[in-house]
Amino acid sequence: MAVSTSYDEMFEEALGVVKNRFLLSVLLAKRVAQLRRGAEPLVPSQSHETPEEIVFREIIEEKLEWRKTASALDLTDIDQGFMDVGFDDEA
């Protein structure tokens with residue numbers, strides 16, 4: 001009989017590989033989107049598996065590669081008006 005693994009358990013196991021909850025969530029979301037658009041899974045998959053389950057296995061089996069990228073913060077895109085209001089000001 002097959003043992004069912006919950007998403008929470010898979011997330012915790014994948015977190016052992018990625019080491020960062022935010023990065024893991026981003027990887028999961030981006031790779032699931034790729035699979036839903038027709039990308040081939042990097043691990044053998046069965047018809048009853050969800051894209052999320054496939055991605056968790058890809059991460060756990062270390063089939064995905066990612067790299068850190070640096071992006072410059074463009075402060076001109078941020079509305080600076082919020083800085084004019086202090087925390088003690090009443091709305």
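**Helix 2 against helix 3**

I began with how helix 2 and helix 3 are set against each other in this predicted model. Their axes come within 9 Å and cross at roughly 125°. That angle falls outside the 65 to 115 degrees of roughly perpendicular and is not over 145, so I class the two helices as oblique. I noted the crossing of helix 2 past helix 3 as right-handed.

Next I listed who makes the contact. Helix 2 supplies L24, L27, L28, R31, V32, L35 and R36. Helix 3 supplies P51, E52, I54, V55, F56, E58 and I59. Two names I marked for follow-up: R31 and F56.

**R31**

I placed R31 in helix 2, which spans residues 21–36. Is R31 buried or exposed? Its relative accessible area is 8%, under the 20% limit, so I call R31 buried.

Where does the side chain go? I find that it reaches the backbone oxygen of E40 at 3.0 Å. I then looked up what R31 touches, leaving out residues up to four places away in sequence. The list reads A39, E40, P41, L42, V55, E58 and L64. V55 and E58 are also on the helix 3 side of the helix contact.

**Aromatic pairs**

I searched the whole structure for aromatic pairs and got 2. The rings of Y7 and F56 have centres 6.1 Å apart. Their planes stand at 40°, between the 30 and 60 degree limits, so I log this pair as tilted. Y7 belongs to helix 1 (residues 7–18) and F56 to helix 3 (residues 51–60). The pair links distant parts of the chain, 49 residues apart.

I checked exposure for both partners. Y7 is partly exposed, at a relative accessible area of 38%. F56 is buried, at 3%.

The other pair is F11 with F56. Here the centres lie 6.5 Å apart and the planes are at 80°. An angle over 60 degrees counts as edge-to-face, so that is my entry for F11 and F56. F11 sits in helix 1 and F56 in helix 3, so this pair ties together parts 45 residues apart in sequence. I have F11 as buried, with a relative accessible area of 17%.

Which residues make up the aromatic cluster? I wrote down Y7, F11 and F56 as one cluster.

**Last note**

I came back to F56 to close the page. F56 pairs with Y7 and with F11. F56 is also among the helix 3 residues in the contact with helix 2.

Conventions. Residues are numbered from 1 along each chain as its sequence is written. This is a predicted model: local features need pLDDT of at least 70, side-chain atom pairs count only at pLDDT 80 or more; totals for chains, interfaces and linings use all residues. Side-chain values use heavy atoms; hydrogens and water are left out. Helices (H or I, at least four residues) and strands (E, at least two) are DSSP runs, numbered from the N terminus. Buried means under 20% relative accessible area, exposed over 50%, partly exposed in between (1.4 Å probe, protein chains only). A polar contact is a pair of N or O atoms within 3.5 Å; within protein, one must be able to donate a hydrogen and the other to accept it, and residues adjacent in sequence count only if both atoms are side-chain atoms. Contact means heavy atoms within 4.5 Å. Rings of Phe, Tyr and Trp (its six-membered ring) pair if their centres lie within 6.5 Å; planes under 30 degrees apart count as stacked, over 60 as edge-to-face and the rest as tilted. Axes are lines fitted to C-alpha atoms, for helices over the stretch in contact, and angles run from 0 to 180 degrees between N-to-C directions. Angles under 35 degrees count as roughly parallel, over 145 as roughly antiparallel, 65 to 115 as roughly perpendicular and the rest as oblique. A crossing is left-handed if the near helix is turned anticlockwise from the far one by less than a right angle, and right-handed if clockwise.
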